[in-house]
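User: Could you take a close look at one part of this model for me, the sheet, and then set it beside the packing in the rest of the chain?

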Amino acid sequence: MRIKIKVKHLVSFVLLPASLLILLFNFLPSSKAQMEESPAVQSNLARTELLKKLESTTGSKRMELIQTNIIDKEHGYDPYRYDVNIGPSMSQWNHDEPSISDLLSEDKIALLEEYILDGPANNTRIFAVKLLAYEYDALGRRDDGDQALNTAAKQLDSNSSVAKELALLQAERALNRGDTTAAESILEQTTFPYENQKDLEAQKAWLTGRLLFTKGKAQEALAVITNGLESYKKYWQDIHKQMSLVISNSDKDTADSEAAGSSSSSAPTIGTSEAEMQLEALISAIQSAVDMGSTSTAVVSGTLTRSDGTPISRAGIFLRAESEVNHSITAAEPYRIVTDDEGRFEFHGVIPGFYQLQLGLSYDQIDGWTWPVQNDDWIEVKPDDRLNESIVLQPLLELQSPINQETITGQSVDFHWKAVEGAAYYRLSGGVSMVGSSFSSQIRDHITDNQVSIPVDELYYNSGFSYGSGGEGFESIDPLSFLVFMNPEARFSWNIEAFDADGHLLTRSNGYRLNEDTVGNLPFFYLKERELTTADRLLLNKKPDQAIEMYQQNVADDPQDAHALHMLVKLMLAKSSLTKDDSLEDQAIPLLQKLIQLHPYSNYTFTLTQYYFDHADWKSYNEFHSRYNELNPIELNSYIRSINAVALMHQGKLEEAREQFAMALEHDGSHRFIGSYLAAELYAGESLSSVLTLAEHYPEHSFGLNGYRWPQMIKQLIAERTKQPNNFDQELKEKLGWYVNGQTDVLKQWIEGAKSSALKTFMQAVEKVS
C-alpha cells in the first residue's frame with residue numbers, strides 16, 4: 001500500500017484545524033481608520049439617519065426601504081449566514097461585506113412585522129418572516145417567532161407557494177422544538193395543488209420522514225423519503241427531457257439555414273439540487289441508525305461562551321452529520337439554531353449517529369478569540385440521549401518574536417511566545433506566502449517551554465516533502481512549496497498551538513485579529529541567511545525540468561551540496577507522484593540516502609520507510625524505521641505507529657503488531673486503521689463478538705465513510721456465520737491469512753471473482769485500508 005498524507009488546501013482566510021496551517025492574516029485597521037469615529041458611533045448615526053428616512057416615507061417606497069436596509073442587507077434569504085463558519089473538519093469565511101447592522105434588534109422586529117403585513121406577497125415575504133423569526137429566536141422569544149409565521153400566513157392565499165413554504169417552515173420549527181403533535185398536524189393539512197410545487201413536496205417528504213422517525217416509525221420514514229426522492233427526480237428528469245426535445249426540434253428546424261461553423265444549442269444539464277441532498281442525507285442517516293438498532297431520537301443542547309464566562313448570543317450553531325461535514329454549510333441544514341441572550345441552544349429529534357458542531361459567527365464575535373477544536377472532535381448521539389455540549393472560545397495566544405517583519409540573517413531563528421496556563425507542550429508551525437500562493441508545515445512538536453531556537457538547517461531540510469500544484473502537470477507545480485524557508489525573497493509566518501497533557505488543544509495564535517485592541521504582534525519575518533541559486537530561480541520561474549537538470553549539475557560538481565541534493569530529491573519525488581513514473585522515485589532513493597548522511601533528519605528517514613514499505617523490503621524498512629526513532633525524540637504519532645503495525649503484521653510479527661495497533665488507535669481520533677486491527681485480531685483467534693466491541697469502541701471517521709460501517713460489517717459476518725459456522729470460520733481464516741501475510745494479489749483476485757457476501761464486503765474494506 002502506498003502511504004499518502006492528505007493535505008487540505010484552502011485559499012480563504014480561515015481558522016484551520018490543528019493539523020495544517022495556512023496563515024492568511026487579515027489586518028483591517030489602517031492609520032486612517034483609527035482616526036475616524038468608532039464603529040459604534042458610526043452605527044448610531046447611521047441608525048438615526050435611516051429611522052428618519054423611514055419616518056418620512058410611506059407606502060411602497062417605505063416597503064422598498066425596509067427591504068433594502070434589512071431584508072437584503074441582513075441575508076434575509078438565509079438568516080443563518082455568517083461572516084465566519086468554524087468547525088473541526090472545515091472552516092470558511094463568506095466573501096460578503098461584514099454583517100454589521102445599523103439597526104437595533106427591536107428596530108428590525110418592528111419594521112419586519114410591518115413588512116409582513118403591508119409588503120408584497122412574494123418570496124421576499126418569506127425572507128422577511130425567516131429573518132423576523134430569527135430575531136425573536138435570538139432574544140429567546142421562540143413563541144413570538146412562531147406567531148410571526150402564523151400572522152404572515154393569514155395574509156396569503158392558502159394555495160400559494162409562499163403560503164405552503166410558510167406552513168412547512170412552521171412544521172420544521174415545531175419539530176426542532178420537539179413538538180411532534182403540532183408538526184404532524186401542520187404536515188397533514190399541507191397539500192400541493194399545483195404541479196410546479198415539487199420542491200415543496202420534497203421538503204414535506206423530508207419533514208415527514210424526520211417526524212416518523214421521531215415517532216419510532218423508521219421503516220415508514222424510509223419509505224416516505226425514498227418515494228419523495230424518486231418522485232422529485234422523475235419530475236425534473238421529465239422536464240429535462242421535454243427541454244431537450246424542444247431544443248432538438250428547434251435545431252432541426254434551423255439546421256439548413258445555419259452558416260458553417262455556427263454553434264448549436266444544447267440541453268441544460270441537471271445537477272444535484274438542495275432538495276435531493278436533503279433527502280439523500282436523511283435516508284443515509286436513518287438507514288445507518290436502523291442498521292445499528294437505534295430507532296429513537298435524542299436531544300443535544302449546550303451553551304456558547306467565552307472563557308471569561310461571557311455568553312455569546314446571536315451565533316449560529318449547526319449540528320452536522322458525519323456524511324455532511326466535508327462540504328460548506330447550506331440552507332438545508334436539518335439541525336441549526338441561533339443562540340439566545342444566554343448563549344444557549346437546543347436540538348430536538350436528533351437521529352442517532354456521529355456529528356460535529358460548527359459555529360456561525362460575526363467578525364466581532366470571533367475577533368481576538370479562537371475555538372480550540374480539533375479534526376476528530378466528534379459527538380456520538382445515542383438513542384434517547386440528552387447530551388449537553390459546552391463550547392468555550394479562548395483568547396488567541398500572543399506571539400513575542402520574531403514578529404512584525406523582522407529580518408533574520410543568523411544561523412538560527414529564536415521563537416518566543418506567551419506561556420499558556422495548563423499547557424504541557426506546544427506545536428510550532430510555519431509557512432511562506434507570496435501573491436496568490438501560500439504553503440505551511442509543522443516545524444517542531446512537543447516543545448515543553450514557551451520558547452525554542454530552531455537552526456536554519458532544520459527549517460531548510462526538515463520541513464517535509466509535501467508539495468502543491470497550481471494546475472495540471474508537473475510544469476504547473478507551485479515553487480513556493482518546494483523552496484519554503486530557503487527562499488530569501490519570501491515572507492514567512494509562524495503559528496503556535498498549546499496542548500494539555502492529554503493532547504487536547506487549549507488555544508492557538510492564528511485567527512482573526514481585526515482591530516487595534518486585538519491585532520497584537522504580527523507573526524511575519526524574513527529569513528535571509530542564504531541567496532538563491534540559478535537552479536532556484538529556474539524553479540521560481542516555473543521551469544522545474546530545467547531546475548532538475550541544474551540541481552543535478554550542482555550535485556555532480558559538489559556531492560556535498562546538501563541544498564541541491566534536497567531540492568533534486570524533492571522535485572523527483574513530486575514528478576514521480578504527478579506523472580506516475582515510479583522510476584523517478586527509484587532514482588531519488590539513493591540520493592536521499594546520501595542526503596541523510598549530510599543532514600540526518602527524521603523526515604528523510606520517514607520518506608525512506610514509506611518507500612521500503614511500498615516495496616515490502618522489510619529489512620530496509622526496519623533499518624530506517626529504527627533510524628527514524630533515533631532521530632525523533634518524541635513518541636511515535638498514531639499514524640506512523642499504525643503503519644509500523646501493518647509492517648510488523650506482514651512480517652509475521654502478529655503479537656507485536658496487535659500491541660502497536662492498540663496503542664495507535666487510543667491516540668488516533670480518526671481510527672483510520674481500525675480495519676487492519678480487526679483483521680489482525682480475528683486472525684489471532686479473537687471471536688467476532690469481541691471484535692465487534694472493538695469496532696464500536698474505535699469508530700472510523702474518514703471522508704465519505706460512516707463511523708458505524710465496521711460494526712455493521714462485523715454484525716453481517718456474525719449473521720452469515722450462523723448458516724455454516726465451520727465452513728465460514730475456515731474461509732475467514734484463509735482470507736485473513738492472505739491479508740495478514742501480505743498476499744494482496746491473491747486477495748484482490750479472490751475479491752474480483754467472489755460472489756456477493758458479508759465476507760467479501762469485509763475483506764474488500766480491509767484491503768483498502770490505508
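Analyst: Happy to! Let's start with strand 3 (residues 298-306) and strand 10 (residues 386-395), which run parallel and are joined by 8 bridges. Strands here are DSSP runs (E, at least two residues) and helices are too (H or I, at least four residues), numbered from the N terminus; two strands pair if DSSP finds at least two bridges between them. One bridge links valine 299 to arginine 386 of strand 10.

A word on the source: this is a predicted model, where local features need pLDDT of at least 70, side-chain atom pairs count only at pLDDT 80 or more, and totals for chains, interfaces and linings use all residues. Residues are numbered from 1 along each chain as its sequence is written, and side-chain values use heavy atoms, leaving out hydrogens and water.

Back to the sheet: it is open, with 4 strands in the order 6-3-10-8 and mixed pairing. Strand 6 (344-350) and strand 8 (369-370) each have a single partner strand, so one side of each is left without a neighbour in the sheet.

Now the packing. The largest nonpolar core (buried Ala, Val, Leu, Ile, Met, Phe, Trp, Tyr and Cys residues joined through side-chain atoms within 4.5 Å; buried means under 20% relative accessible area with a 1.4 Å probe, protein chains only) has 117 residues. Its largest share, 10 residues, comes from helix 17 (residues 562-579). Apart from that core lies another of 60 residues, including Val290 and Val373.

Note on methods. Buried means under 20% relative accessible area, exposed over 50%, partly exposed in between (1.4 Å probe, protein chains only).
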